[in-house]
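Colleague: I would like to learn how to read empty spaces and helix packing in a protein model, going step by step. Could you take me through one example?

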Amino acid sequence: MTGRSSDTNVDRLFLDRWSPRAFDGSRLSAEDRDALFEAARWAPSAFNAQPWRLLYAEQGDADWDRFVGLLLPANQAWAGNSSLLIVFVSETTFKDSPSHSHSFDTGAAWMSLALQAEKLGLRAHGMAGVDFDAARRELGVPDGFRIDAAAAVGRQADPSVLPEKYREREKPSDRKALDQIAFAGNFAG
């Protein structure tokens with residue numbers, strides 16, 4: 001329980017999910033890892049195109065340091081203690097035409113994975129702090145695919161494992177009010 005609240009009847013899962021930086025570095029079971037990917041697999045997508053690809057490394061495997069090195073230094077400082085690093089990639093075309101929704105659909109896969117993590121007692125933290133050019137080269141991402149973001153997944157640890165500058169921020173953040181994000185009719189924001 002995060003202490004977050006809502007004036008609506010939104011499921012507690014959405015309030016309790018948040019993105020910590022403090023992870024304990026323990027390995028995930030193959031069963032838990034595969035459940036995360038299975039949740040992403042079942043995300044909705046336009047025309048059922050499923051444009052997402054999930055490239056990953058697990059704590060302690062041969063690719064781990066390489067994946068950590070693709071993050072910007074601010075994220076390397078804490079994400080190296082996670083259990084799983086994932087780079088979300090989306091195919092930018094569908095049936096030889098530009099896809100307008102590839103990143104939207106890949107975001108649905110990310111949210112599905114993040115909610116599955118929560119259900120498993122894990123935490124997931126999405127990141128845009130990636131060296132996208134280096135990631136494209138290093139991971140062999142071909143033209144026609146966009147690197148959208150990365151995510152760190154693992155078991156939450158005490159904030160004391162973090163560099164000091166991150167410890168104070170290690171708490172769930174609030175959200176904008178509904179009237180700042182949802183508008184009947186025309187754009188008003």
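Modeller: Let us begin with the lining of the largest cavity in this predicted model, where strand β2 gives the most, with 3 residues.

Colleague: How does one find such a space in the first place, and how many cavities of 30 Å³ or more does the search find here?

Modeller: The general idea is that rolling a probe the size of a water molecule over the atoms shows where empty space is left. In this case, a search of the whole structure finds 1 cavity of 30 Å³ or more, and the volume of the largest cavity is about 40 Å³.

Colleague: Which residues line the largest cavity, and how do they divide by class?

Modeller: Its lining is made of Phe67, Leu70, Leu71, Leu85, Ile86, Val87, Met127, Ala150 and Ala151, and by class these are 9 nonpolar residues, with no polar and no charged ones. At least two residues of this lining come from each of β2 (84–91) and β6 (145–154).

Colleague: What is the volume of the largest pocket, and which residues are the closest to its centre?

Modeller: The largest pocket has a volume of about 530 Å³, and among the 17 residues that line it, Ser5, Ser6, Leu15, Arg175 and Lys176 are the closest to its centre. The lining of this pocket comprises 7 nonpolar, 4 polar and 6 charged residues.

Colleague: Turning to helices, at what angle do α2 and α5 pack, and is their crossing left-handed or right-handed?

Modeller: To describe a helix pair, one can give an angle, a distance between axes and a handedness. Helix α2 (residues 30–41) and helix α5 (residues 102–119) pack at an angle of about 140°, with their axes 7 Å apart, and their crossing is right-handed. On α2 the contact is made by Ala35, Leu36, Phe37, Ala39 and Ala40, and on α5 by Ala109, Ser112, Leu113, Gln116 and Ala117. By class, this contact of α2 with α5 has 8 nonpolar, 2 polar and no charged residues.

Colleague: Which residues does UniProt list for a domain?

Modeller: An unreviewed UniProt entry lists residues 16–61 as "domain: Nitroreductase". In the model, the end C-alpha atoms of residues 16–61 lie 30 Å apart, and the span is 28% helix and 15% strand.

Notes. Residues numbered from 1 in each chain as written. Predicted model: local features only at pLDDT ≥ 70, side-chain atom pairs only at ≥ 80, totals over all residues. Heavy atoms only, no water. 1 Å grid on protein atoms, 1.4 Å probe; cavity = no way out; pocket = protein on both sides within 12 Å on 5 of 7 lines; lining within 4 Å. Points joined across faces, edges and corners; volume = space filled by probe spheres on them. Nonpolar A, V, L, I, M, F, W, Y, C, P; charged D, E, K, R; others polar. UniProt positions renumbered as here; feature names shortened; annotations may be inferred. Helix = DSSP H or I, 4+ residues; strand = E, 2+ residues; numbered from the N terminus. Axes fitted to C-alpha atoms, helices over the stretch in contact; angles between N-to-C directions. Left-handed = near helix turned anticlockwise from the far one by under 90°. Contact = heavy atoms within 4.5 Å.
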